Amino acid sequence: MSKHFVSNKDESPRIFKNNFLDLVSRVHWSTPLILYIPFTLFLLYQAIFVYALNALTIIGLFFGGMLFWSFAEYVLHRFVFHYQPPGKWGERLHFVAHGVHHDYPNDSKRLVMPPALSLIFCVVFWFIYTSTLGYAYTMAFFPGFVVGYLMYDMTHYALHHANIKHPIFQKLKEHHMIHHYSHPEKGFGVSSTLWDIIFRSGYPKKKANS
């Protein structure tokens, strides 16, 4: 079986000639928390005190946002991050966007999404939700979506660098490690295996010994 990685060490290879671009391609795991938790709290404040949504509406929209993030995570990972456009340019784009993570899976500086990329996704989804749900409901839905994203980033970092013994975490870790080392074309859920089950993109079942 072919090798699906270059190095398992916690090393961070240079991917840009430009010093600034290469610097911002590396992110400390706490950066998304610092960037998005205040934003999430601000939106919830708006939902409660400005738009005066009732508690059940806020709770329902919040958890709906978290669920929708898990679906967005699956779609982005499967159809965006694993898509390689044709040609040398496409190969380079794929490597910078996601391929470097598969080549160096334990690079601790490239396990959470760089702010430049996450902010682009944030703006795109913000306009989608405000256009479909309206501003009032988005103030409760979007915080759940962002919290789902933060859970994804923190889970992804932990799967590669934390030694947590809880069986749920261990099951998620096994799922993600198989994606990295055996079946990169399967197992696209990171913080959840739900959508791999629904869309049947899980791993082939092991055949019992005869």
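Buried means under 20% relative accessible area, exposed over 50%, and partly exposed in between, with a 1.4 Å probe and protein chains only. The structure is a predicted model, in which local features need pLDDT of at least 70, side-chain atom pairs count only at pLDDT 80 or more, and totals for chains, interfaces and linings use all residues. Residues are numbered from 1 along each chain as its sequence is written, and side-chain values use heavy atoms, with hydrogens and water left out.

**Exercise 1. Classify alanine 52 and arginine 200 by accessibility, and state the sign of phi for each.**

Step 1. Alanine 52 is placed in the loop between helix 2 and helix 3; helices (H or I, at least four residues) and strands (E, at least two) are DSSP runs, numbered from the N terminus. With a relative accessibility of 58%, alanine 52 counts as exposed.

Step 2. Arginine 200 belongs to the segment after helix 8 (194-198). Its relative accessible area is 75%, so arginine 200 is exposed.

Step 3. Most residues other than glycine have a negative phi. Alanine 52, however, has a positive phi near 55°, and arginine 200 has a positive phi of about 55°.

**Exercise 2. Determine how helix 2 and helix 6 are oriented, and describe their contact.**

Step 1. Helix 2 covers residues 31-50 and helix 6 covers residues 135-161; they pack at an angle of about 160°, with axes 8 Å apart. Axes are lines fitted to C-alpha atoms, for helices over the stretch in contact, and angles run from 0 to 180 degrees between N-to-C directions.

Step 2. Angles under 35 degrees count as roughly parallel, over 145 as roughly antiparallel, 65 to 115 as roughly perpendicular and the rest as oblique. Helix 2 and helix 6 are therefore roughly antiparallel.

Step 3. The crossing of helix 2 with helix 6 is left-handed; this term applies if the near helix is turned anticlockwise from the far one by less than a right angle, and right-handed applies if clockwise.

Step 4. Contact means heavy atoms within 4.5 Å. The contributors from helix 2 include Leu33, Tyr36 and Leu43, and those from helix 6 include Phe142, Val146 and Leu150. By class, the contact of helix 2 with helix 6 has 17 nonpolar residues, two polar and one charged; Ala, Val, Leu, Ile, Met, Phe, Trp, Tyr, Cys and Pro count as nonpolar, Asp, Glu, Lys and Arg as charged, and the others, Gly among them, as polar.

**Exercise 3. Repeat the analysis for helix 3 and helix 6.**

Step 1. The axes of helix 3 and helix 6 come within 7 Å and cross at roughly 45°. The two helices are therefore oblique to each other.

Step 2. Helix 3 and helix 6 have a right-handed crossing. Among the residues in contact are Phe62, Trp69 and Ala72 of helix 3 and Phe141, Phe145 and Tyr149 of helix 6.

Step 3. The residues of this contact comprise 16 nonpolar, five polar and one charged.

**Exercise 4. Identify which helix gives the most residues to the largest nonpolar core.**

Step 1. A nonpolar core is a set of buried Ala, Val, Leu, Ile, Met, Phe, Trp, Tyr and Cys residues joined through side-chain atoms within 4.5 Å. The largest one has 33 residues, and Trp69, Phe125, Phe142, Phe145 and Tyr149 have the most contacts inside it.

Step 2. At least two residues of this core come from each of helix 2, helix 3, helix 5 (115-133), helix 6 and helix 7 (167-181). Helix 6 gives the most, with 11 residues.

Step 3. Leaving aside residues up to four places away in sequence, phenylalanine 125 touches Ala72, Phe142 and Phe145.

**Exercise 5. Locate histidine 183 and proline 115, and list their contacts beyond four places in sequence.**

Step 1. Histidine 183 lies in the loop between helix 7 and helix 8 and is partly exposed at 24% relative accessibility. Under the stated sequence limit, histidine 183 touches Ile178, Tyr203 and Pro204.

Step 2. Histidine 183 and proline 204 are 21 residues apart in sequence, and their C-alpha atoms are 9.2 Å apart.

Step 3. Proline 115 is found in helix 5 and is partly exposed, with a relative accessible area of 23%. Its contacts under that limit are Val27, Thr31 and Leu35.
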